[in-house]
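Colleague: I have the sequence and the model open and would like to go through them with you. Could you take my questions one at a time?

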Amino acid sequence: MQVARSPAETIFEMASNKSDEPLIVETEPEDTGNDQSSSGTGLILPDQNLPGKLLLLPIFERPFFPAQVQPLVIDEDPWEETFTRLAKMDHHLLGLCYAGDQDEQAGASPGDFADIGCAVRLHNVVRGNGKIQFIAQGMQRFRIDGWLSRSAPFAAEVSYPSERARNTPEIKAYAMALIQAIKELIPLNPLYNEELKNFLNHFNLNDPSPLADFAAAITTAPGPELQQILDTIPVQKRMERVLVLLHKELEVARLQAEIRSEVEQKMSRHQREFFLREELKIIQRELGIAKDDRTADIDEFRKRMESRNPPSHVQKRFDEEIIKMSILETGSPEYGVTRNYVDWLSAVPWGNYSKDKLSLRHARTILNRDHAGLEDIKERILEFLAMGSFRGEISGSILLFVGPPGVGKTSIGKSIAECLGRKFYRFSVGGMRDEAEIKGHRRTYIGAMPGKLVQALKDVDVSNPVIMLDEVDKMGSSFQGDPASAMLEVLDPEQNSEFLDHYLDLRVDLSKVLFVCTANQLDTIPRPLLDRMDVIRLGGYIASEKLEIARQHLWPRLLERNKVKPGQVKISDSAIKILIEGYAREAGVRGLEKLLHRVLRKSIVKLLGKATTVSVSNRNLVDFVGEPPFRVEKQLGGIGVITGLAWTAMGGATLPIEATAVHSRERGLQLTGQLGKVMNESAQIAHSFVTTNSARYGVRDDWFMQRSLHMHVPEGATPKDGPSAGISMTSALLSLALRKPVRKSLAMTGEITLTGEVLPVGGIREKLIAARRIGVKAVILPEGNRRDVAELPKHIVAGLTVQHASHYDEVFEILFASKRK
């Protein structure tokens, strides 16, 4: 009885053979059912009866070696003629040449063929489905000596280099090293077993050339490196190169084995943990000490709902959804939708309210602690809280803070929440275009969620928080809806007690929520929405208020955030005043805070050097923040020049207006300074008024009729618009006609009509602050703004002479009465 040996055992036996006698390995041939297959036993001598002319076929991924037996598949279309001619030949030999890594569809030219190729004998040629499939048996290397056909079918004259080598000790040592590397490689990659079995059918240890070729063929080296092996004719040098490739292959195989072992180990551990957990769940369920996921969820939702005080319609809906949830299979999509709905339904704080703190003394302390200045705003908030304290609850009112950026609108909302002892939630509605953000998505949509208001109640876990809606003047609208219209129900005290969220599909009581909104302007807020809110205007800060805010709030907060001790970096009041006047003239203090932060950053750099303390004063302030971007405002004066006052989104500003006569040939008025439509109309009204009433003010009747006038508002790069420059333009024209200047320390604002009436304007606080900044001592305002001046804090109007006028005659008296002859 003969015991079959594995290919690995056979090759190990070859490695242990120490004699110089040739070893012929014989194996039983596989029954392929085809007489053209590899025939039986014995050594094949490929160098006998090899033709001098061969048909050539390009291969693209990797070269073919003489020791290989491998099936190949090629496209029939370009090579049909090659195989037709080959079938008529007796030797059935074909030359395979490596043609690089190019795309096979692109074809090959004679220049792409390698000089050294492999002659192969074809077996089992099969055609079908546009493909030709055959088994190629590598025979011997050949060299292309000359081309017989440079297009398909390619043909060439070839020669066969001699590969015989003496069986020297060095070659035998290399052969044993190759066999040892193959021995180590086979256990790591069992795919090599079949190739080894085919190779052993015709292996001779005394002819090591096939061993080197076989070792190279089983590697995954790139095509160019394998072609170098094929090009190497000397056996010893070829074996040296192949041994390097085998060692690389061995390292890759070992790394793959390690990765595979690590992955299998992790998978087996995870599988084991999974099965143990499942067994533990079953055991706990049988013993009654654990529940399945659905039962646990239902119990959690019931327990959460018991801590609420929901209305009857909410409790009814909750019970219905719980029954549905207990019936549905946990794996069904409907179960996930129902579970999410019940989760949200039980997360809303139905009937849970926090207790309000209604102490006015406590509220005044917090407001004074958190905010410097804004005395009128603080009083307005205290009045609001006092009304709630007298009534016993704070509800039914929606506050809207309007003012420039950086004046403290958001921080006041936080202070109100702290005064009342309520939780605070803020979200911005600026840029919001989808009404579902407010009212929620319907449950029919994938990923549906409640609106922001229900989410706010869930986060704060009370039904009476302070919710701040930031930037309500910047809401948009699109095909998805109009959020501003959706806010009408939210901000109406008569309707928000039954606010309907589309996701919950239940009425939610928002009447106990205190809504605080913020905006920079009122123009873009829809009128129906604005009517529902109590508007509180926040003007800009004057220099003294900014100094106090910087000293008491901004600078200490920056030191604390950056962990700097107060004694390490000091800044003087004079330096802060220069920052306010020359660097940060906006209405708020956000720009001032950025400048202080910049000063602190440069100071820390010096502290990390050799300095132990840093002092910032008006002398070295430029070293920290550079030259001031704002120059000291110089009030313009002279004939035809009047200082007006304007309001901007960033606060108040002065608006010098200049008028001059260009020529006296015809009547005309030219306007420059990038004036808006309303301001152009004001200029036309002023021109018409002084033209029709010139004699009334001591101007010759035909003076305006015969002059072409030019009116300019400096800083032409800045767009300007608004009706409040009417009396300023009128005064500039009269000053030009009378040749009388107006004193520099006077400014004015007000709208004028064709009959000379002076109409009230807005932004009085901001305009007076701008007037104080440039040193104005007297201001002319419309009579209709007397009430606005009376409501201003005293420190804003201190040092200003405010005069009111209801008709332009009164303005003229103030300006020119003392100059009449």
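**Core, surface and salt bridges**

Colleague: Which residues does L596 touch, not counting residues up to four places away in sequence?

Modeller: Contact means heavy atoms within 4.5 Å. With residues up to four places away in sequence set aside, L596 touches A550, L554, W555, L558, I571 and L579.

Colleague: From which number are residues counted along each chain?

Modeller: This is a predicted model, where local features need pLDDT of at least 70 and side-chain atom pairs count only at pLDDT 80 or more, while totals for chains, interfaces and linings use all residues. Side-chain values use heavy atoms, with hydrogens and water left out, and residues are numbered along each chain as its sequence is written, from 1.

Colleague: Which helix gives the largest share of the core that has F401, L579 and L596 among its members?

Modeller: A nonpolar core is a set of buried Ala, Val, Leu, Ile, Met, Phe, Trp, Tyr and Cys residues joined through side-chain atoms within 4.5 Å; buried means under 20% relative accessible area, exposed over 50%, and partly exposed in between (1.4 Å probe, protein chains only). The largest core has 55 residues, and F401, L579 and L596 touch the most other members. Its largest share, 7 residues, comes from residues 543-561, which are helix α18.

Colleague: How many residues are in the other core, the one with L457 and V460?

Modeller: Helices (H or I, at least four residues) and strands (E, at least two) are DSSP runs numbered from the N terminus. In helix α15 (residues 452-460), L453, V454, Q455, A456, L457 and V460 are buried. L457 and V460, along with M487 and V508, are among the members of a core that lies apart from the largest one, and its residue count is 54.

Colleague: What share of the chain is buried?

Modeller: The secondary structure comes to 27 helices and 24 strands. In helix α5 (residues 209-217), 8 of the 9 residues are buried. Over the 821 residues of the chain, the buried share is 47%.

Colleague: How many bridges join β4 to β5?

Modeller: Two strands pair if DSSP finds at least two bridges between them. Strand β3 (residues 93-98) runs antiparallel to β4 (residues 116-128), with 4 bridges, and L96 stands opposite C118. β4 and β5 form a hairpin with 2 residues between them, where N129 has a positive phi of about 55 degrees. G128 is the bridge partner of K131 in β5, and the bridges between these two antiparallel strands number 11.

Colleague: What accessible area do L255, I259, V263 and M267 have together?

Modeller: L255 is in helix α7 and is partly exposed because its relative accessibility is 48%. A patch is made of residues with over 30% relative accessible area and no salt bridge, with like charges joined within 9 Å and nonpolar side chains (Val, Leu, Ile, Met, Phe, Trp, Tyr) within 5 Å. Accessible areas come from the Shrake-Rupley method with a 1.4 Å probe, and for residues only the protein chains shown count as cover. These four form a nonpolar surface patch with a joint area of about 360 Å².

Colleague: How many residues apart in sequence are the parts that R308 and D461 tie together?

Modeller: A salt bridge is a side-chain nitrogen of Lys or Arg within 4 Å of a carboxyl oxygen of Asp or Glu, and R308 and D461 meet in one at 2.9 Å, N to O. R308 is buried at 13% relative accessibility, whereas D461 is partly exposed at 33%. R308 lies in the loop between α8 (293-306) and α9 (312-327) and D461 in the loop between α15 and β9 (466-470), so the sequence separation of the parts they tie together is 153 residues.

Colleague: Is E321, the salt-bridge partner of R443, buried or exposed?

Modeller: The side chains of R443 and E321 meet at 3.7 Å, N to O. R443 lies in the loop between α14 (436-439) and α15 and E321 in helix α9, so the pair ties together parts 122 residues apart in sequence. R443 is partly exposed, at 29%. At 5% relative accessibility, E321 counts as buried.

Colleague: Which residues are joined into one network by salt bridges that share partners?

Modeller: The salt bridges number 26. One of them joins K474 to D473, with the closest N and O atoms 3.2 Å apart. Salt bridges that share partners make one network of R141, D213 and R238.
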